[in-house]
Amino acid sequence: MNLVDKADLKVANNCLLIFGNKKLHNFEGANEIVASFSGIGYYFDKIAFIAYDKSDEIVRAVKDGKENYENIVIYCPAIMEKTLKNFLTNLYNAKFNELSVIGSEKDNAFILFSDKENRLRFDDIKQILDAKYGVKYEKAYVKTIGASAKEINSAINKAINTEPSKAEKLRKLIDFNVSGNYGDCLIEIVYSEEISKSAFDKVFRSLVSSLDEYVYCIEDYTLAERLYQLLKLRRMKISVAESFTGGGIGKKLVEIPGISEVYFEGLNTYSNEAKMQRLGVRNMTLHQFGAVSRQTAGEMAEGLIKSGNCDISIATTGIAGPKSDNTSKPVGLVYIAVGTRKDVSVFKYNLKGDRNTITNTAVNLALFHAFKTLK
């Protein structure tokens, strides 16, 4: 989601053409192309997907790209390489180089393959375009959990307008690319080297200040990595008890090299019996408040701390759906508890979305609350 009008920043007209069969070919890389292209300071004015057996449509799309756009990126299976290169060689009256790039000072075509390793890298594309347009960009990052699109948009607009008289110029020198999943948001700030350090610092400080309660990193680290860094710094160990997140929190943690230094254990205590036997949750609590409750989440986190083997704990309980748990409690109701040797805090959420969205969002929120507790 790009929240600044690209018409104010555009240094080139760019087109992404995706050719192939959706049933036969994997085009997950197309999203990466869009993100990586914007990450080097350039944006697609047109994105089109065309079935690879529609030769007439492909010809029209490529001719339109040549006529109306300064740069074309083609993403296709390798089986199309020979035919496309022959056609483009005639169209551009030029030859492809060894990186699958063709063009001139006026326009370029880049070919990336969806099913084989590409020699062409985005650093290569950046070098070609930067040299062509005489523009150089730097990047900075702000990473948040739980901030809404509205809040992020408001923070960006506020940052750009820190000095209203300079806002118009700033919009031509700086851009904000917002992406993420399950509440974990990356705000990638792409800015021209022409912007002064003091002007950029004001924008950056304003953005971070506006989103302060949601920010967990101003570098490109994952949330789990940031939590690991804090645990290691504090010389603390963490344990996790998950009742509906299915080991998702533990999985995020164990993906980090060296996590064994700070991760004591992870338990999937789905049944009431497991909660009582492994975590010391009281039968009365479960009977009176239910498994999905503030009280149960708190006792789960407390039980891990009482074991004496960890300094901080995370516990989750909730209803991920698609159906409720035979109570009046709604799908998406989530309780996340974070315990320390001093106290236990419990956070309630009513999350929206399908089972996967609810579960993964809760995982990110749980890691974030543990991070905020240590910070």
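Helices (H or I, at least four residues) and strands (E, at least two) are DSSP runs, numbered from the N terminus, and in those terms Thr245 lies in the loop between strand 10 and helix 9. The model is a predicted one, in which local features need pLDDT of at least 70 and side-chain atom pairs count only at pLDDT 80 or more, while totals for chains, interfaces and linings use all residues. Residues are numbered from 1 along each chain as its sequence is written, and side-chain values use heavy atoms, with hydrogens and water left out.

The chain as a whole comes to 13 helices and 14 strands, and its C-alpha trace spans about 80 × 50 × 40 Å along the principal axes. Of its 375 residues, 50% count as buried, where buried means under 20% relative accessible area, exposed means over 50%, and partly exposed lies in between (1.4 Å probe, protein chains only). Contact here means heavy atoms within 4.5 Å; among the contacts in the chain with a separation of 6 or more, 67% are between residues 24 or more positions apart.

To return to the starting point, Thr245 is buried, with a relative accessible area of 4%. If neighbours within four places in sequence are set aside, Thr245 is in contact with Tyr270, Thr316, Thr359, Ala362 and Val363. Ile249, with residues up to four places away in sequence not counted, touches Val240, Glu242, Ile314, Thr316, Val363, Ala366 and Leu367. Thr316 and Val363 thus appear in the list for Thr245 and also in the list for Ile249.

Ile249 leads into the interior of the model. A nonpolar core is a set of buried Ala, Val, Leu, Ile, Met, Phe, Trp, Tyr and Cys residues joined through side-chain atoms within 4.5 Å. The largest such core has 36 residues, and the members that touch the most others are Leu227, Leu231, Ile238, Ile249, Leu253 and Ile312. At least two residues of this core come from each of strand 9 (215–217), helix 8 (223–234), strand 10 (238–242), helix 9 (248–254), strand 12, strand 13 and helix 13 (355–374). Helix 13 gives the largest share, 10 residues. Apart from this core there is a second, separate one of 28 residues, which includes Ala155, Ile156, Ile174 and Tyr214.

Helix 13 is mostly covered, with 14 of its 20 residues buried. The expected span of a helix is 1.5 Å times one less than its number of residues; for the 20 residues of helix 13 this gives 28 Å, which agrees with the 29 Å between its end C-alpha atoms.

Some backbone details deserve a separate look. Most residues other than glycine have a negative phi, and most peptide bonds are trans. Asn93, in the loop between helix 3 (81–92) and strand 4 (101–103), has a positive phi of about 55° although it is not a glycine, and Asn93 counts as exposed at 72% relative accessibility. Ser100 is found in the loop between helix 3 and strand 4 and has a positive phi of about 70°, again without being a glycine, but Ser100 is buried, with a relative accessible area of 7%. A cis peptide bond, with omega about 10°, joins Gly321 and Pro322, and Pro322 lies in the loop between strand 12 (312–318) and strand 13 (333–340).
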